[in-house]
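Please open the model in your viewer and keep the sequence panel beside it, since the tour moves back and forth between the two.

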Amino acid sequence: MASVTLKDLTKDFKEIIAVNKVNLEIRDKEFLVLVGPSGCGKTTALRMIAGLEEVTSGEILIEDRLVNDVSPKDRDIAMVFQNYALYPHMSVYDNMSFGLRLKRTPRKAPWPFNSQRTFSKKEISRRVNEAAKLLGLENLLQRKPKALSGGQRQRVALGRAIVREPKVFLMDEPLSNLDAKLRVQTRAELIKLHRRLGITTIYVTHDQTEAMTMGDRIAVLSTGVVQQCDTPLNLYNHPANIFVAGFIGSPAMNFIPVQLKQEDGKIWVNASSFRVALNSAQTEMAKPYLDKSCVFGVRPEDIYDCNLPGLVTPTDENTFNALVDVVEPLGNDVELYLNMDSIQLIAMIDSRTAAKMGEEMRLSIDMDKTHLFDKESERAIY
Ligand SMILES: Nc1ncnc2c1ncn2[C@@H]1O[C@H](COP(=O)(O)OP(=O)(O)OP(=O)(O)O)[C@@H](O)[C@H]1O
Ligand SMILES: [Mg+2]
């Protein structure tokens, strides 16, 4: 078991800084998810930790040991790649044990007598059978990959990493080749597997749902820079900036460019016909931004139909009118696309709503759940 520490980790590809001064401390046994849009540097960061990519500057420590110059095979790390490939001519057993069979220690004798198996046949068999049991592959060990489903192949690729019994798992979008249903299923299996093995894991994905459901903590990456690293709920409830607020949550948070005005001892958030008042705690934090431009954030699930009994009691301070542009029933909820002058909003409303396309309706906002950002720095004000 091991912790992984990244100190100012940087990768410069000349034309682009793929990873920019990343500082992260991944605790022993932790499942840390590295999430961000395509090209933000996730794979590059992982490849540096694995030793497959040279570090431009900064430090990588595994359990207090600086590993910048340690070769990949001596880092005690197993990586599951974005585009894993199984050997098509080998059985599942041979695919899983391949890495162990290959690992030999040199002796003072001419080739081919100069190497010795590090792992005995018995040890290899123990590890493969244990991993196969863990992954539900016991009955498939003699099959070739072409006779497996996508999900089973995926599990073989995982098995190949598990038999190494590494200190750290690195996983680069290991579920990206699976269809939606299988992905959800395998996701749950991976979480259970991690709970059982307790191996420190760094898991890369660009899918925020995957990040939210799997991670003990999530590090959100954008253009090579860590924007915020925290538990899923803290990221959702307290995003540090507009990027994180827009990335975590689905459908994404609505952002409205607003001006703050003081009236009757209250701070009002104004954008043309849209006008709501901050609660008292929010007012304190927003005071320095009076008469300035800010960005108001509200999640679709925190908007309510005033005609339905809900969590929010509609008042002058938390309601607004909007024109219904599109109604998308999703079963439990209805997704509404709303227009207010030039502002567009998405709301997730209880399916009992009578909202109709082209009609005006009155909506309320759970003000306690809203967010306000500095327009310049894009950092959260509250
Ligand atoms: N060998 C390389 N030479 C030059 N640029 C590279 C190299 N490898 C990656 N990059 C660039 O570095 C940036 C980060 O790439 P990386 O593969 O780490 O992104 P990613 O977050 O894994 O994206 P994805 O979600 O698409 O896999 C990209 O702009 C990419 O074009
Ligand atoms: Mg990648």
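Helices and strands are here DSSP runs, a helix (H or I) having at least four residues and a strand (E) at least two, and they are numbered from the N terminus. The model you are looking at is predicted.

**The whole chain**

Begin with the C-alpha trace of the entire protein, which spans about 90 × 45 × 35 Å along its principal axes. Switching to a cartoon brings up nine helices and 22 strands. If you colour by burial, buried residues make up 36% of the 382 residues. Among contacts with a separation of 6 or more, 64% are between residues 24 or more positions apart.

**Two domains**

Next, colour residues 4–247 as domain 1 and residues 254–374 as domain 2, following the domain assignment. Taken over C-alpha atoms, the centres of domain 1 and domain 2 are separated by 41 Å. Where the two meet, four residues of domain 1 are in contact with five residues of domain 2. On the domain 1 side, the touching residues comprise three nonpolar and one polar, with no charged residue.

**The sheet at the start of domain 1**

Select β1, β2, β4 and β5, which form an open sheet in the order β2-β1-β4-β5, with antiparallel pairing. At the edges are β2 (17–26) and β5 (65–66), each of which pairs on one side only. Zoom in on β1, residues 4–12, and follow the six bridges by which this strand pairs with β2 in the antiparallel sense. To see one such bridge, show leucine 9 together with its partner in β2, valine 22.

**Serine 38 and the surroundings of ligand 1**

Move on to serine 38, in the loop between β3 (31–35) and α1 (42–50). Is serine 38 buried or exposed? Serine 38 is exposed, because only 12 or fewer other C-beta atoms within 10 Å are allowed for that label and this residue has 7. For a sense of distance, draw a line from the C-alpha atom of serine 38 to that of leucine 140, 102 residues apart along the chain, and the separation is 35 Å.

Keep serine 38 selected and add ligand 1, whose surrounding residues include Ser38 along with Gly36, Gly39, Cys40 and Gly41. Extend the selection to Phe13, Ile16, Ala18 and His206, which are also among the residues around ligand 1. By class, this shell has four nonpolar, seven polar and one charged residues. Which element gives the largest share of the shell? That element is α1, which contributes three residues.

**Helix α1**

Stay with α1 and show its side chains: the helix is mostly covered, with nine of its nine residues buried. The buried residues include Lys42, Thr43 and Thr44, which also belong to the shell around ligand 1. Further along the helix, Leu46, Met48 and Ile49 are among the buried residues, as is Arg47. After α1 comes glycine 51, whose phi is positive, near 90°.

**Strands of domain 2**

Finally, turn to domain 2 (254–374) and select β13 (residues 254–263) with β16 (residues 293–298), two antiparallel strands joined by six bridges. Then add β22 (residues 371–374), which runs antiparallel to β16 and is joined to β16 by four bridges. Glycine 297 in β16 makes a useful last stop: phenylalanine 255 stands opposite this glycine, and in β22 its bridge partner is histidine 371.

Conventions: Residues numbered from 1 in each chain as written. Chains lettered and ligands numbered in written order. Predicted model: local features only at pLDDT ≥ 70, side-chain atom pairs only at ≥ 80, totals over all residues. Domains from an automatic or database assignment. Contact = placed C-beta atoms within 7 Å. Nonpolar A, V, L, I, M, F, W, Y, C, P; charged D, E, K, R; others polar. Pairing = 2+ DSSP bridges. Buried ≥ 20, exposed ≤ 12 C-beta atoms within 10 Å, placed from the backbone. Near = placed C-beta within 6 Å.
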